[in-house]
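Biologist: Could you take a close look at one part of this model for me, the place where the two chains meet, and then set it beside the rest of the fold? I would like one connected account.

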Amino acid sequence: MNKHWLFNLQTARESINGRLPQISFPPQIHFEDKNTELSGYFVNYDGTINDLFNEIKNKGFKNVINSNSEFLLFLFDKNRGILEIASDQIGKFPFYFYQGKGDFVFSSSFALLKNEVKNVGLSINLDILFTALFWEWHNTERTLINEIKRIPAGCVLRIPVDEPHKFSIVSYVDVNLNIPPENNLHTYESIGVFARDWVNGMATATDNRLRKVVDLKIGCDLSSGFDCTLIAYCLSKLIGSEKFNCYAQFSDLAKNETDIELMNNFAKKNNLKIKTFDASKFYSYEHDLIDVWSRDDPYQVSSTYFEDFISKLEQDGVKIQFTGDGGDEIYGASEEGPLLKFPIQNSFISNVIYLKKYGLEKIFTEKATEFAFSTERFNTRGQYPLTVSTSVASIFWNLSEILWTHDVWFMTPFIDTRLVKLIKQAPEIKGDKGVKKTEIMKHLTDIFPAEMFKVKAGLEDVYINFIINQKLLIYSVLQNSFFDKIGWINKEFIIKLLENENSILYKDEFAITFQTMIALDWFIQKNKLTVTNR
Amino acid sequence: MKFIVNERAIIFLDIDKLNNFYTIAYNLRDDEIISIRPREYLLLKYIKDNKGAAEKDLINFGSKLFKDQKEIFKTIEVLFKKQILIPVYE
């Protein structure tokens with residue numbers, strides 16, 4: 001059921017009430033007095049926001065944005081003629097806007113808005129284009145198309161309705177709330193004691209969310225890792241395993257991601273019900289993508305296993321899906337303090353890592369890498385900090401539109417700021433966040449079967465299948481390649497790499513980047529997007 | 001010999017002033033993020049703006065920021081070991 005909406009500033013000025021569709025979750029809200037109207041969607045999980053309307057009228061958005069809440073709020077000050085639109089600190093709602101010719105147009109759908117405003121002439125944002133190549137997402141108002149923007153997570157878009165061109169975007173995120181002063185940090189001495197408190201903290205964060213979704217059918221992701229499995233365990237203890245299904249997508253081609261035998265052992269140990277879906281056809285890339293790809297979907301997410309999985313959840317009546325998103329990142333939270341305070345610099349460093357450390361510069365030209373590291377590229381960005389790692393928040397930025405289409409809401413306790421604070425009190429454990437996670441989980445043998453404690457690899461091998469099985473599509477895209485036209489790749493060089501199965505293109509990170517590049521190039525060509533000097 | 005700033009280790013931005021010249025840098029060899037404090041920032045910025053600086057220039061400039069020469073040398077040593085500064089032999 002497609003719940004996407006689109007309206008302009010004049011409509012918002014008259015009243016938002018009734019313009020936004022009812023969705024299953026979060027609840028819609030509307031408050032109004034003679035001076036102010038507040039509409040949108042809102043839910044709070046930590047009990048800190050009890051009177052939303054008066055909180056915002058009297059104190060503004062800061063406390064609301066820094067609470068464990070999920071929302072998209074429209075606040076209209078009738079006296080001053082100011083419309084403010086606020087996004088929660090993760091940016092879970094799809095929201096895009098276009099500003100031009102004295103108007104604003106808002107939409108929950110990038111595709112809807114793109115098609116609404118395409119006659120103005122749409123151009124590519126090169127900063128986001130390069131960002132997208134490496135999935136190096138950062139909190140920004142920019143999208144792939146210059147003319148279409150979004151509200152960065154944790155920010156307020158402020159629009160004087162009589163002079164909309166004077167709009168501004170301000171962040172209200174306070175990263176210091178989650179970074180306690182060192183002299184106030186109590187560190188656990190025992191990993192075992194911490195592990196039990198960690199489970200209790202996870203259960204509390206899960207319970208806080210469960211209490212808001214009464215009467216809605218819930219599901220839970222399941223894999224052979226420690227993240228969604230821990231949540232599934234908590235759910236089973238809180239409401240009983242008969243009250244929900246676990247859902248798992250698997251494939252022999254992605255056994256490192258989900259080992260079905262390990263997953264079944266976990267489910268058996270914890271009396272969980274599972275529904276499984278074989279995602280092999282998506283990982284093999286054997287189906288004809290030329291007929292499947294959409295000119296409205298820059299990253300072609302709708303042709304992946306994800307769209308198929310969400311459709312199946314929808315068919316099963318699931319409205320709330322608990323996931324383990326953020327479960328990898330949270331165990332590195334102690335080291336993340338400096339990265340959260342300096343998001344633009346962090347993004348620069350990510351580009352260094354991808355291009356230099358992983359060697360991805362080998363498939364690009366010097367012109368591309370000069371752009372990647374240019375001061376101008378980073379200097380023109382707004383500084384919008386986050387309280388969680390961007391790799392967590394970006395999951396929602398990229399998938400929220402599909403979730404909205406299917407009326408399924410993803411929920412993860414791993415983004416709860418109270419858990420972020422708790423993990424910073426864990427005993428010191430040498431090694432990266434993966435090692436830290438495993439060391440903590442080893443103390444939970446009543447939850448996890450022993451065979452789950454082995455290192456998992458990622459999904460990189462499957463992208464090689466794209467290169468092997470989609471040559472027709474790839475060559476057709478390269479023929480009129482946008483990346484070649486702007487001098488970021490040399491298409492003859494790329495074709496030589498394609499023709500040699502021992503080349504770098506058939507390895508790990510290169511395969512992922514190349515598949516993304518082809519998808520983006522196809523989207524740009526189909527939409528006839530241009531380059532400007534912006 | 002002079003030192004230059006490794007341009008893949010740190011980026012200097014207009015907003016650095018708003019952050020009171022605190023920033024972060026990256027040691028590619030050890031895959032390590034390093035916090036940069038204002039004195040180190042200003043020293044690095046000086047080196048970058050002048051396309052490199054010899055020891056005597058660093059002592060001269062650093063005397064405005066650091067307690068004594070020992071502190072200047074210690075800072076340079078750390079930045080060199082973390083590959084934020086690169087020596088160039090002329």
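Modeller: Across the interface of chain B and chain A, in what is a predicted model, the rule finds 3 residue pairs in polar contact, counted with both residues at pLDDT 80 or more. On the side of chain B that touches chain A, β2 (23-27) and β3 (32-36) of chain B each supply at least two residues, and the largest share, 4 residues, comes from β2(B). Sorted by class, that side of chain B has 12 nonpolar residues, together with 3 polar and 5 charged ones.

Charge pairing between the chains can be stated just as plainly, since the count between chain B and chain A is 1 salt bridge. The side chains of Lys357(A) and Asp31(B) meet in a salt bridge, with 3.8 Å from N to O, a value to be read against the cut-off of 4 Å used for such a pair.

As for extent, 20 residues of chain B are in contact with 18 residues of chain A, and the two chains bury about 1700 Å² between them, 73% of it on carbon and sulfur atoms. Within chain B, the residues that lose the most area to chain A are Arg8(B), Ile11(B) and Ile24(B), which together account for 37% of what that side buries.

Turning from the interface to the fold of chain A, one finds an open sheet of 5 strands in the order β14-β13-β12-β15-β16, with parallel pairing. The strands β14 (274-278) and β16 (409-411) of chain A stand at the edges with a single partner strand each, so one side of each is left without a neighbour in the sheet. From one strand to the next the twist averages 30°. At the β16(A) edge, 3 bridges join that strand to β15 (residues 320-322) of chain A, the two running parallel, and Trp409(A) in β16(A) is the bridge partner of Ile320(A). Helix α7 (residues 227-239) of chain A packs on the sheet, where it touches β12 (218-221), β13 (245-250) and β15 of chain A, and its direction makes about 145° with that of β12(A).

Two backbone details in loops of chain A complete the account. A cis peptide bond, with omega about 0°, joins Phe25(A) and Pro26(A), and Pro26(A) lies in the loop between α1 (9-14) and β2 (28-32) of chain A. Trp135(A), a residue other than glycine, has a positive phi, near 55°, and its place is in the loop between α5 (126-134) and β9 (148-150) of chain A.

Note on methods:
Residues are numbered from 1 along each chain as its sequence is written. Chains are lettered from A and ligands numbered from 1 in the order in which they are written. This is a predicted model: local features need pLDDT of at least 70, side-chain atom pairs count only at pLDDT 80 or more; totals for chains, interfaces and linings use all residues. Side-chain values use heavy atoms; hydrogens and water are left out. Contact means heavy atoms within 4.5 Å. Buried area is the accessible area (1.4 Å probe) that two parts lose on being put together, summed over both. A polar contact is a pair of N or O atoms within 3.5 Å; within protein, one must be able to donate a hydrogen and the other to accept it, and residues adjacent in sequence count only if both atoms are side-chain atoms. Ala, Val, Leu, Ile, Met, Phe, Trp, Tyr, Cys and Pro count as nonpolar, Asp, Glu, Lys and Arg as charged, and the others, Gly among them, as polar. Two strands pair if DSSP finds at least two bridges between them. Axes are lines fitted to C-alpha atoms, for helices over the stretch in contact, and angles run from 0 to 180 degrees between N-to-C directions.
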